[in-house]
Amino acid sequence: LRPTWMFPLDPGDHVAIVGQNKSGKSTLEKHLASLRRFDCFIRTKSDPLRLPDHRLIRHAVELDLPTKIGRTLPSGEYGEKALLEPGYQWQKGEIEKALEVFWRHGGWTVFVDERFYVEQRLKLTKLLEQIESQGRTRGLSLVSGMQRPSRVSRFALSEAQHIVSFRVGGRDAKVIGEETTDEMEDAVLGLERFQFAVFQRADRKVWVGYLQDLAPGPHGPPAL
């Protein structure tokens, strides 16, 4: 058992978060968002995302993509945050344009709440894979949430420095095990509710944590 508030997220680190609906993926993503100062959320779910005291950007005209990202947005207590909503206010081309701007500036963490939707509906698989394979050198991180790792690009797991999983079925646990270790696969299958297993690629170690142990990061509270 390792304290979950020590979860590392260095610039350029990618994270894959696996779990079914209501498993705790969103809570964990919000915790990770509190660890980084510059965050972009690609939100595909209809439930509201509350970011108190954050600079929240909703429209392209506000975002002013060519000039503002990473330069002139005012920094709040918890850093700079951008919210993109595909299928509602944003279309595929605008999402792609925004990601390309974040790519050029570097230093941001891009959160994708449902990887399958962004790949299949928005057809952005290649751009996400580019971030995963080359973003580390630019300090650009990608945090991907997914219910079924067997249905998304293998880059989501193979290029992730940290793979976090709540309890999933045998087929998806096997996919996770193929990209990590047998120990991680066994840990995932034995998890309790709101418990998650973490595989760190650097040392190939597995540890288990609980959502209730999450502690605030320097750029915001874990629960938004």
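A residue counts as buried when its relative accessible area is under 20%. Keep that cut-off in mind as we walk through this predicted model, starting with a tryptophan.

**Stop 1: the aromatic corner**

Select Trp-207. Its relative accessible area is 6%, so Trp-207 is buried. Now add Phe-196, which is buried too because its value is 1%. There are two aromatic pairs to find in the model, and Phe-196 with Trp-207 is an edge-to-face one, with 6.5 Å between the ring centres and 65° between the planes. Colour the strands to see what this pair connects: Phe-196 sits in strand S8 (residues 195–200) and Trp-207 in strand S9 (residues 205–210), eleven residues apart, so that the pair links distant parts of the chain. Add Phe-166 to your selection as well, since ring pairs link Phe-166, Phe-196 and Trp-207 into a cluster.

**Stop 2: the whole chain**

Zoom out and switch to cartoon. You should be able to pick out nine helices and nine strands. Of the 224 residues in the protein, 54% are buried. Turn on a surface and you are looking at about 10100 Å² of exposed area, 48% of it supplied by carbon and sulfur atoms. Among contacts with a separation of 6 or more, 73% are between residues 24 or more positions apart.

**Stop 3: strand S5 and its partners**

Which way do the side chains of S5 point? Select residues 109–112 and show sticks: Thr-109 and Phe-111 point one way, Val-110 and Val-112 the other, and all of them are buried.

Next, bring in the partners. Strand S2 (residues 38–42) runs parallel to S5 and is joined to it by four bridges; look for Cys-40 opposite Val-110. Strand S6 (residues 141–146) also runs parallel to S5, again with four bridges, and here Phe-111 stands opposite Val-143.

**Stop 4: Ser-141 in S6**

Stay with strand S6 and centre on Ser-141. With a relative accessibility of 0%, Ser-141 is buried. Follow its side chain to the backbone oxygen of Asp-13, which is 2.8 Å away. Showing the residues around Ser-141 brings up contacts that include Asp-10, Pro-11, Gly-12 and His-14, along with Arg-36, Trp-108 and Thr-109.

**Stop 5: the largest nonpolar core**

Select Ile-42, Leu-99, Phe-102, Val-110, Val-112, Val-118 and Leu-140 and show them as spheres. These are the members that touch the most others in the largest nonpolar core, which has 20 residues. At least two residues each come from S2, helix H4 (92–105), S5, helix H5 (115–120) and helix H6 (125–134). Which element gives the most to this core? Helix H4 does, with five residues.

For a closer look, centre on Leu-99: beyond its neighbours within four places in sequence, Leu-99 is in contact with Ile-42, Val-110, Leu-124, Leu-127 and Leu-128. Then move to another core that lies apart from this one; it has 19 residues, among them Val-18, Val-152, Leu-191 and Phe-199.

**Stop 6: Arg-115 in H5**

Buried or exposed: what would you say of Arg-115? Select this residue in helix H5 and check: at 0% relative accessibility, Arg-115 is buried. Its side chain meets that of Glu-119 in a polar contact of 2.6 Å. Beyond the sequence neighbourhood, Arg-115 touches Leu-128, Glu-132 and Leu-142, as well as Ser-144, Gly-145, Met-146, Val-152, Ser-153 and Ala-156.

**Stop 7: Ala-16 in S1**

Keep Ser-144, Met-146 and Ala-156 displayed, and select Ala-16, which touches these three and also Leu-157, Ala-160, His-162, Ile-163 and Val-164. Ala-16 lies in strand S1 (residues 15–18) and is buried, with a relative accessible area of 0%. Try a distance label from Ala-16 to Val-198: the two are 182 residues apart in sequence, yet their C-alpha atoms are 9.8 Å apart.

**Stop 8: helix H8**

Finish by selecting residues 170–179, helix H8. Its buried residues are Asp-172, Ala-173, Val-175, Ile-176, Gly-177 and Glu-179. To see what they pack against, show S1 once more together with helix H7 (155–158), strand S7 (162–165) and helix H9 (182–189).

Technical notes:
Residues numbered from 1 in each chain as written. Predicted model: local features only at pLDDT ≥ 70, side-chain atom pairs only at ≥ 80, totals over all residues. Heavy atoms only, no water. Buried < 20%, exposed > 50% of the residue type's maximum accessible area, 1.4 Å probe, protein only. Pairing = 2+ DSSP bridges. Contact = heavy atoms within 4.5 Å. Polar contact = N/O pair within 3.5 Å; in protein donor to acceptor, adjacent residues only side chain to side chain. Core = buried A, V, L, I, M, F, W, Y, C linked by side-chain atoms within 4.5 Å. Areas by Shrake-Rupley, 256 points an atom, 1.4 Å probe, with all protein chains shown as cover. Phe/Tyr/Trp six-rings, centres within 6.5 Å; stacked < 30°, edge-to-face > 60°.
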